[in-house]
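User: Could you walk me through this model and explain what stands behind each label?

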Amino acid sequence: MTDNQLGEMLKKMYMNSMEAIFFIDEKGGIVGMNPAAEEILDNEMIGRIHSGADGSFCQVCEGYTDEQELMSCTKCYLDYPKGDFSSFQVYLKTRGKGNVPYAASYHTIDETRGVRVLMLLNLTKQQQTQEILQRTNMLKYVIKAQEDERKRISRELHDSVAQELLSSLVDLRVVKYMNVGEDVLKKLHQTEVSLTRLLDDIRHLSVELRPAALDDLGLEAAFRSHFKWIEKNYGLLVNFSAELAAARYNSEVETVVYRVCQEAVLNALKYSGTDEVHVRLCEEEGNLQLTVKDYGLGFNINDGEAQGTGLGLYGMRERVELVSGQFILRSAPGSGTTIQIRIPLNQGEVNAP
């Protein structure tokens with residue numbers, strides 16, 4: 001490659017680069033910039049620079065990030081050109097976008113004339129991606145911690161509290177056969193009924209917190225147990241069908257599907273005005289798919305006046321999106337409601353322990 005060819009290519013790179021390039025003299029004045037750099041500055045500032053009225057880069061810069069501050073002017077890179085400024089973050093006042101973070105590099109290209117080059121790459125998209133990733137990871141951590149705590153409390157209720165109550169019930173029943181008065185027997189019977197009801201409530205609470213069947217046997221078994229309890233206690237008939245190719249899936253996926261179904265059936269019970277719900281769990285086209293459908297009252301999903309707080313729907317959608325799934329809600333007044341989720345499966349999610 002000849003010098004002319006190299007020079008032509010460097011010129012094209014300078015003019016067409018997505019990176020903003022500023023040439024700065026030893027006094028901090030801007031002596032040249034490429035089109036990407038001009039897009040950062042407002043027109044008034046560009047006019048002052050080109051006219052020579054004010055070329056100070058300090059009119060643009062809001063400071064760079066060091067070990068102490070997000071935006072600092074201490075030991076400014078313009079005043080300390082011999083420092084290590086090969087890679088750092090700087091904030092600039094931009095045209096119509098406020099303060100924007102840039103990845104910067106700053107070094108001398110002409111020692112004799114004191115000319116240095118500042119090259120900038122907009123970090124807004126990368127920072128937004130990092131924030132989304134951090135928020136997603138934090139939400140996953142919170143949900144996992146919540147499920148772990150539910151599991152711990154559920155096991156404690158089942159293995160400790162429920163067992164103690166059961167032991168007390170046995171003792172009461174033994175006392176009933178002892179030589180005691182009629183009044184005592186009557187009181188013992190009342191206490192036995194109360195303890196039996198309390199024991200049932202604790203067992204139900206234990207299952208609602210975290211069903212052992214979900215961890216030990218998987219989704220289908222957990223669903224059948226839950227729907228049987230729903231029908232017994234609330235009279236809601238759940239027509240359930242399962243067409244699964246695998247017995248178990250990734251624990252996170254199983255938890256999401258179970259919680260979404262639990263919330264969807266509860267919503268149908270509370271708001272649909274019907275006594276029957278259809279639930280289908282299957283694998284289709286590489287997705288684990290759950291459909292919960294009722295033929296009840298329905299609602300207009302666009303008017304924001306659905307019964308309840310709406311937090312249940314939001315929570316369902318959020319949980320599904322955390323496992324890269326798709327949440328679909330269909331409803332209309334008088335036409336019932338359908339909630340469907342599709343979660344893509346990979347090899348690591350099938351037959352997981």
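Analyst: Gladly! Helices (H or I, at least four residues) and strands (E, at least two) are DSSP runs, numbered from the N terminus. This is a predicted model, in which local features need pLDDT of at least 70 and side-chain atom pairs count only at pLDDT 80 or more, while totals for chains, interfaces and linings use all residues. Residues are numbered from 1 along each chain as its sequence is written, and side-chain values use heavy atoms, with hydrogens and water left out.

User: Where do Arg-224 and Glu-220 lie, and how far apart are they in the helix?

Analyst: Both belong to helix 7, four residues apart, which is about one turn of the helix.

User: What makes Arg-224 and Glu-220 a salt bridge?

Analyst: The rule asks for a side-chain nitrogen of Lys or Arg within 4 Å of a carboxyl oxygen of Asp or Glu. In this pair the closest N and O atoms are 3.0 Å apart, so the rule is met. In general, side chains of opposite charge can pair when their charged atoms come close.

User: How many salt bridges does this rule give?

Analyst: The count is six. Among them is the one between Lys-93 and Glu-62, at 3.6 Å from N to O. Lys-93 is in strand 4 (residues 88–94) and Glu-62 in strand 3 (residues 61–64), so this pair ties together parts 31 residues apart in sequence.

User: Which residues are joined into one network by salt bridges that share partners?

Analyst: One pair to start from is Arg-280 with Glu-284, whose side chains meet at 3.2 Å, N to O. Shared partners then join Glu-243, Arg-280 and Glu-284 into one network.

User: Why is Arg-280 called partly exposed?

Analyst: Buried means under 20% relative accessible area and exposed means over 50%, with partly exposed in between (1.4 Å probe, protein chains only). Arg-280 has 28%, so it falls in the middle class. Its partner Glu-284 is partly exposed too, at 31%. The label also goes to Lys-93 at 38%, Glu-62 at 27%, Arg-224 at 43% and Glu-220 at 31%.

User: How do you know whether Arg-319 is buried or exposed?

Analyst: Its relative accessible area is 12%, which is under the 20% limit, so Arg-319 counts as buried. This residue lies in helix 9 (residues 311–322).

User: Which residues is Arg-319 in contact with, leaving aside its neighbours within four places in sequence?

Analyst: With contact taken as heavy atoms within 4.5 Å, the partners are Ile-143, Gln-146, Glu-147, Thr-255, Val-256 and Arg-259.

User: What about Leu-157: buried or exposed?

Analyst: Buried, because its 15% is also below the 20% cut-off. Leu-157 sits in helix 4 (residues 124–176). Its C-alpha atom is separated by 9.9 Å from that of Leu-209, 52 residues away along the chain.

User: What makes strand 7 and strand 10 edge strands of the open sheet?

Analyst: Five strands form that sheet, in the order 7-8-9-11-10 and with mixed pairing. Strand 7 (237–243) and strand 10 (326–331) each have a single partner strand, so one side of each is left without a neighbour in the sheet. Neighbouring strands are turned by 10° against each other on average, direction ignored. Here axes are lines fitted to C-alpha atoms, for helices over the stretch in contact, and angles run from 0 to 180 degrees between N-to-C directions.

User: How do you know that strand 10 and strand 11 pair?

Analyst: Two strands pair if DSSP finds at least two bridges between them. Strand 10 and strand 11 (residues 337–344) share six bridges, in the antiparallel sense, so they qualify. Gln-326 has Arg-342 as its bridge partner, and Ser-331 stands opposite Thr-337. The hairpin has five residues between the strands, and there Gly-334 takes a positive phi near 85°.

User: Which strands does helix 8 touch as it packs on the sheet?

Analyst: Helix 8 (residues 251–271) touches strand 7, strand 8, strand 9 and strand 11, and its direction makes about 10° with that of strand 9.
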